[in-house]
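Reader: Please show me the sequence and the structure. I would like to go through the ligand site and some side-chain pairs.

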Amino acid sequence: MVSSSASTAPPTHDGSAQNATPQPVQVARRLEKFKTTIFTQMSSLAIKHGAINLGQGFPNFDGPEFVKEAAIQAIRDGNNQYARGCGIPELNSAVAERFKKDTAGLLVDAEKEVTITSGCTEAIAATMLGLINPGDEVILFAPFYDSYEATLSMAGASVKCVTLRPPEFSVPLDELRSIISKNTRAILMNTPHNPTGKMFTREELNVISTLCIANDVLVFSDEVYDKLAFEMDHISIASLPGMYERTVTLNSLGKTFSLTGWKIGWAIAPAHLTWGIRQAHSFLTFATSTPMQYAAATALRAPDSYFKELRRDYMVKKAILVEGLKSVGFIVYPSSGTYFVVVDHTPFGLENDVAFCEYLIKEVGVVAIPTSVFYLNPEEGKNLVRFTFCKDEETLRTAVKRMKEKLLKKL
Ligand SMILES: Cc1ncc(COP(=O)(O)O)c(C=O)c1O
């Protein structure tokens, strides 16, 4: 029997009643400064207020049937035990083939240079933990995807940052040049870029490459949105002269196949860098879901028409959201890729991005993400919020309608 006061307390992991005295939460120092991720916070507020979630980047539509069927078939065929640590040979080959196609001919050794991970998030973690020593400097471009800083902290790295500023979010090349030091081990970049939708231009990539080669710096390039490139062609920095040997290309299945919950990712790197990545991967997860790897191999061998259609569908969605946000009165910054668009919310007179997003959820019924969480210095993001258009067209139209009804009056 449990006492009545104990029975109202939340259960513990083993289902028994919780001790009446709440214990202070504990966390290792290297993670102390990080809060619950903004995506978790905003998605739970969205549910609480019945708001339309244009915050977290997951589609509200399903992935393609041929990929789901391949997963079901793989399970039925008995592919249900641990996979080879670095990935099943079929998927390693499919990744290498896809990369060759996407980079117009870059040849990758599928067995020695491709590592399959549990989402790009694990590929990022394995790269940092496998290749960065405590005290090494790593340069980020702010705003940046939130796992970068936390993972670098776990690796004991020293984080340096260069800010991409609106309206173009161009790379301030002189600033970048000036912060590279003899301790700089790597630049961690992301193109197409979350949250801004910026795509790194060939000129920017050329300068970054020259700097990296001259200073013996590695590049970790997160390209999870490479198939959502609208205004220009995506360029993998690994394909630039002299760069393959110093680049880790990080990617995953989730965005391209609208299957964000599957968490199949990979790191492509020359064998001497793959060694460290695989060492970390071995002790983080060892291997990734076997049947999903078979399905991922099928997905990556999809005909070109699949990728064209995906892009076409997203361009329609993007137009609905961008035009809608402009008509509501936001200053909308150009987004060349990803399924995100960043706007300046200041015409509506709220104090900062967090206050604006709270107002938007509670009073308007729409969720956006405050961008200050993507900066080392949150002040730099206080005027900007991010919306996603990875939702069906009706949802996007309804969100715009809600904003027009409630926000326009505030202008
Ligand atoms: C820039 C970027 N990198 C990595 C990820 C994580 O990818 P995955 O879901 O494959 O772990 C995301 C997800 O939102 C992202 O936006």
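Author: The turns below take up the ligand, a surface patch, one buried threonine and the salt bridges.

Author: This is a predicted model, in which local features need pLDDT of at least 70, side-chain atom pairs count only at pLDDT 80 or more, and totals for chains, interfaces and linings use all residues. Residues are numbered from 1 along each chain as its sequence is written, and side-chain values use heavy atoms, with hydrogens and water left out.

Reader: Which helix gives the most to the shell around the ligand?

Author: A residue is near the ligand if one of its heavy atoms lies within 4 Å of it. There are 13 residues around the ligand, and those that come nearest are Thr121, Asp222, Tyr225, Lys255 and Lys263. Helices (H or I, at least four residues) and strands (E, at least two) are DSSP runs, numbered from the N terminus. With three residues, the helix that gives the most to the shell is α6 (residues 119-131).

Reader: How many residues of the shell around the ligand are charged?

Author: Ala, Val, Leu, Ile, Met, Phe, Trp, Tyr, Cys and Pro count as nonpolar, Asp, Glu, Lys and Arg as charged, and the others, Gly among them, as polar. The shell has five nonpolar and five polar residues, and its charged residues number three.

Reader: How much of the accessible area of the ligand does the protein cover?

Author: Polar side-chain atoms of Asn194 and Tyr225 lie 2.8 Å and 2.7 Å from an oxygen atom of the ligand, respectively. For an N or O atom in the side chain of Ser252, the distance to an oxygen atom of the ligand is 2.8 Å. Of the 400 Å² of accessible area (Shrake-Rupley method, 1.4 Å probe) that the ligand has on its own, the protein covers 92%.

Reader: Is Leu129 buried or exposed, or partly exposed?

Author: Leu129 is in helix α6, and together with Met154 and Leu284 it forms a nonpolar patch on the surface, with about 240 Å² of accessible area. Such a patch is made of residues with over 30% relative accessible area and no salt bridge, the nonpolar side chains (Val, Leu, Ile, Met, Phe, Trp, Tyr) being joined within 5 Å. Buried means under 20% relative accessible area, exposed over 50%, and partly exposed in between (1.4 Å probe, protein chains only). Because its relative accessibility is 36%, Leu129 counts as partly exposed.

Reader: Which side chain makes a polar contact with the side chain of Thr115?

Author: Thr115 is in strand β2 (residues 114-117) and is buried, at a relative accessible area of 0%. A polar contact is a pair of N or O atoms within 3.5 Å; within protein, one must be able to donate a hydrogen and the other to accept it, and residues adjacent in sequence count only if both atoms are side-chain atoms. At 3.2 Å, the partner of Thr115 is Arg278.

Reader: How far apart in sequence are the parts that Asp102 and Lys227 tie together?

Author: The side chains of Asp102 and Lys227 meet in a salt bridge (2.7 Å, N to O), a term for a side-chain nitrogen of Lys or Arg within 4 Å of a carboxyl oxygen of Asp or Glu. Asp102 lies in helix α4 (residues 89-102) and Lys227 in the loop between β6 (218-222) and β7 (247-252), so the parts tied together are apart in sequence by 125 residues.

Reader: How many salt bridges does the count come to?

Author: One of them joins Asp62 to Lys68, with the closest N and O atoms 2.6 Å apart. Another joins Glu175 to Arg165, with the closest N and O atoms 4.0 Å apart. The count of salt bridges comes to 20.

Conventions:
Patches are made of residues with over 30% relative accessible area and no salt bridge: like charges are joined within 9 Å, nonpolar side chains (Val, Leu, Ile, Met, Phe, Trp, Tyr) within 5 Å.
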